[in-house]
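Here is a quick tour of the enclosed spaces in one chain and the helix packing in another. Have the structure open as you read.

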Amino acid sequence: MKYRLFEQSIKATLNNAEETVDIGQLWNSIQTEEKKKKPLFWWFFTGLLVLATGAAAWVYPTLNKPQFQVNPTSLDKDYIQNKQENQPTAALVENHNNHINPINNTTNNNPPANTQNYTTANFHAQKKSLGLNMEKANSASKPSDAIQDKTGAESTGPVIAHVEQINSTEENILPIEIPARLLNSAHKEKIHRDVQCPTFRKNRSMKLSLIPEIGYFKPFKSLTSETAVPSETFELRKADEKSLEGLQAALYARLQRPGANWGISTGLQYTRLSEQMNLAYSYIRRDTTQGIISVTVSQTGDTITTIYGDIISETRVTGTTKAHYYLSTFDIPLSVFFEKDFNSFAIGGEAGVYFNLALASKGKILNTANDFIDVKSAAAFRSSIGVSGFAGIYVKKPLGIGNLMFSIRGRYNPSVFNTQGYGTIQKYQFVGAHLGYEIRF
Amino acid sequence: MELEEIIKGCKAGNEKCQFSLVQHFATRLMAVCMRYTHDQELAKDALQETFINAFKYIQSYSGKGSFEGWLRRIAVNCSLKVIKTMYEVHTLEEAAIDTNAFAEVPDVYSSMAKDDIMELLNRLPHSQYVIFNLSVIEGYHHTEIATMLNITESTSRATLCKARNRLVEILQSENYSERLVAKVGS
């Protein structure tokens with residue numbers, strides 16, 4: 001028979017071969033494996049929800065910010081006073097001399113400096129937020145035609161503008177009416193150049209900041225055996241496996257009440273750490289081959305007997321080798337932080353939960369006393385840690401370049417990275433240096 | 001249930017059809033996985049991964065070509081993935097000439113049982129075993145094998161030649177054929 005035919009015959013035999021398999025068990029394991037993958041979506045969804053809530057908390061106060069409208073029209077002082085008396089809502093006109101260069105301080109026809117509308121309720125609060133010093137203003141030359149508003153507060157400076165509320169449905173729209181005779185082109189130009197608009201921003205109930213951050217840390221690994229009698233592999237790993245550098249990139253969002261020392265923080269965080277194992281191995285390699293193991297020649301020399309058989313050769317293989325594996329985590333941390341500011345630096349603490357989206361492993365891990373195995377094949381690490389708590393402390397220092405911050409941070413994380421039943425319990429604590437830029441809103 | 005119906009159902013994510021697919025192909029694919037992994041547990045892992053991948057990517061099966069062939073390819077890839085790190089195919093750049101295609105081998109080998117074939121193939125070094133299986137049994141081209149194992153085409157060719165040489169050597173040895181005859185006789 002030709003060798004080609006032999007190949008065809010074994011191909012046919014093997015292609016039709018079947019192996020017994022427990023279908024029920026196989027189906028269950030497929031189902032379990034597929035279900036394991038689904039929670040990843042939910043972790044991701046939860047993370048998005050947390051971010052969306054944070055964003056909404058920031059956007060809501062912005063939407064409620066008052067809108068103002070300037071309406072320069074012809075109007076004289078009498079009209080202003082008449083209107084003032086007929087207004088349902090109190091109005092105040094102020095001239096902040098410290099904000100403008102008056103065109104003509106000797107007359108009452110100075111161009112408007114700053115105009116501001118205050119309702120009775122928020123007048124004092126607004127005054128404070130604008131940083132106005134009313135007493136100082138009153139000490140300046142008091143105009144003869146000062147307007148008394150319904151709150152009883154007296155306006156200072158020359159009356160040159162009027163602020164009115166258009167109607168009850170547009171509470172926050174304030175047209176400013178300026179006498180036309182004052183608005184010749186030169187004056188207009190001067191007004192536009194000199195007027196410094198006050199901040200009409202409403203006090204926010206929360207302040208939001210985004211912090212993109214990168215970090216370098218030292219992972220402190222704790223490796224304990226799941227079994228009472230640790231395996232040889234475990235002992236070797238414990239002795240010779242070293243944690244190398246860890247890298248982190250994150251985008252945090254922080255929500256904090258103005259003036260408060262505490263707040264909540266969330267974000268997306270990517271962490272990668274490396275492990276290195278130096279191994280001195282020694283084992284015996286056994287090779288089996290077939291060949292002539294004995295040749296016997298008869299005494300007369302006419303018969304030669306050749307015996308074929310298995311030839312087994314053993315070789316001791318020794319040497320040293322090095323292997324690495326890498327662990328990467330994708331987390332959504334959600335924490336409450338407390339921070340004490342000491343001007344040049346701040347000290348803080350944090351505690352919360354990690355929603356681990358994924359734990360990826362790559363590289364080679366010690367399999368036996370002599371060889372390594374792909375970390376995925378070994379199923380050494382979980383594909384997701386799930387939810388775990390964490391706590392940390394940090395010292396933060398502004399670097400004086402924009403809002404660039406340098407921080408030293410330590411975090412305690414009790415979660416186990418290994419799959420259950422792998423034989424080891426591997427945990428990490430991190431201490432590292434981080435560089436972040438705070439974008440305040 | 002017809003195979004076409006099963007495939008259609010699987011594409012729609014029907015669990016009943018997925019189960020039927022598992023029932024239909026599990027034993028044959030298990031044999032493929034066993035052939036590469038040589039280990040019941042590893043083969044089970046590879047088989048499980050095969051079906052998970054099949055369900056995930058079944059939309060990409062266009063209906064052209066054999067569905068079993070498509071599944072077998074997934075099974076082979078999953079099995080190779082499982083064993084990849086355990087064994088390495090060493091790069092062999094030296095030329096090997098396939099001189100054994102027309103070599104004569106005893107007729108006793110024409111009707112070997114599956115277990116005997118496996119025993120014979122297991123005598124090959126692992127890299128030769130894998131490439132022999134991929135090329136001769138599965139019928140993949142060297143280009144495909146090179147991609148699958150991340151080796152060069154010439155390495156694949158040279159390794160296959162070595163495997164064939166080694167097989168012919170074993171088959172032609174009287175010792176082996178006598179042993180096989182004795183086994184068949186008993």
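This is a predicted model, and it holds five cavities of 30 Å³ or more. Let's take the two at the top of the size list in turn.

**The largest cavity**

The largest cavity has about 220 Å³ of space. Its lining counts 19 residues, and those closest to the centre are I211(A), E213(A), Y252(A), R254(A) and R409(A). Where does the lining come from? Six strands of chain A give two or more residues each: strand 3 (207-225), strand 4 (241-256), strand 6 (304-341), strand 9 (387-398), strand 10 (404-412) and strand 11 (424-437). Strand 10 of chain A supplies the largest share, with five residues. Chemically, the lining is a mix of seven nonpolar, five polar and seven charged residues.

**The second largest cavity**

Next in line is a cavity with about 90 Å³ of space. It has 14 lining residues, and T329(A), D331(A), Y354(A), N413(A) and F417(A) sit nearest its centre. Here the elements giving two or more residues are strand 5 (262-297), strand 6 and strand 7 (346-366) of chain A. Strand 6 of chain A also appears among the contributors to the largest cavity. As for residue classes, the lining of this second cavity has nine polar residues, four nonpolar ones and one charged one.

**Helix packing in chain B**

Now over to the helices. Two packed helices are described by the angle between their axes and the distance between the axes. Here are three pairs from chain B, set out that way.

| Helix pair | Axes come within | Crossing angle |
|---|---|---|
| Helix 2 (15-37) and helix 4 (67-84) of chain B | 9 Å | roughly 40° |
| Helix 7 (142-149) and helix 8 (153-172) of chain B | 8 Å | roughly 105° |
| Helix 1 (3-11) and helix 2 of chain B | 8 Å | roughly 130° |

Start with helix 2 and helix 4 of chain B. Their axes cross at roughly 40°, so the two helices are oblique to each other. The crossing is right-handed. On the helix 2 side, the contact uses L21(B), F25(B), R28(B), L29(B), V32(B), C33(B), R35(B), Y36(B) and T37(B). Helix 4 of chain B answers with F67(B), E68(B), L71(B), R72(B), A75(B), V76(B), S79(B), L80(B), V82(B) and I83(B). By class, that contact has 13 nonpolar, two polar and four charged residues.

What about helix 7 and helix 8 of chain B? With axes crossing at roughly 105°, helix 7 of chain B is roughly perpendicular to helix 8 of chain B. H142(B), T143(B), I145(B) and A146(B) from helix 7 of chain B meet E153(B), S156(B), R157(B) and L160(B) from helix 8 of chain B. The residues of this contact split into three nonpolar, three polar and two charged.

Finally, back to helix 2 of chain B, this time with helix 1 as the partner. The axes cross at roughly 130°, which makes helix 1 of chain B oblique to helix 2 of chain B. Is this crossing left-handed or right-handed? It is left-handed. L3(B), E5(B), I6(B), G9(B) and C10(B) of helix 1 of chain B touch C17(B), Q18(B), S20(B), L21(B), H24(B) and F25(B) of helix 2 of chain B. This contact is made up of six nonpolar, four polar and one charged residues. Among the helix 2 residues, L21(B) and F25(B) are listed here and also in the contact with helix 4 of chain B.

Key
Residues are numbered from 1 along each chain as its sequence is written. Chains are lettered from A and ligands numbered from 1 in the order in which they are written. This is a predicted model: local features need pLDDT of at least 70, side-chain atom pairs count only at pLDDT 80 or more; totals for chains, interfaces and linings use all residues. Side-chain values use heavy atoms; hydrogens and water are left out. On a 1 Å grid over the protein atoms alone, a cavity is a set of points where a 1.4 Å probe fits but cannot get out, and a pocket is an open set with protein on both sides within 12 Å along at least five of seven lines; lining residues have an atom within 4 Å of a point. Grid points are joined across faces, edges and corners, and a volume is the space filled by probe spheres set on the points. Helices (H or I, at least four residues) and strands (E, at least two) are DSSP runs, numbered from the N terminus. Ala, Val, Leu, Ile, Met, Phe, Trp, Tyr, Cys and Pro count as nonpolar, Asp, Glu, Lys and Arg as charged, and the others, Gly among them, as polar. Axes are lines fitted to C-alpha atoms, for helices over the stretch in contact, and angles run from 0 to 180 degrees between N-to-C directions. Angles under 35 degrees count as roughly parallel, over 145 as roughly antiparallel, 65 to 115 as roughly perpendicular and the rest as oblique. A crossing is left-handed if the near helix is turned anticlockwise from the far one by less than a right angle, and right-handed if clockwise. Contact means heavy atoms within 4.5 Å.
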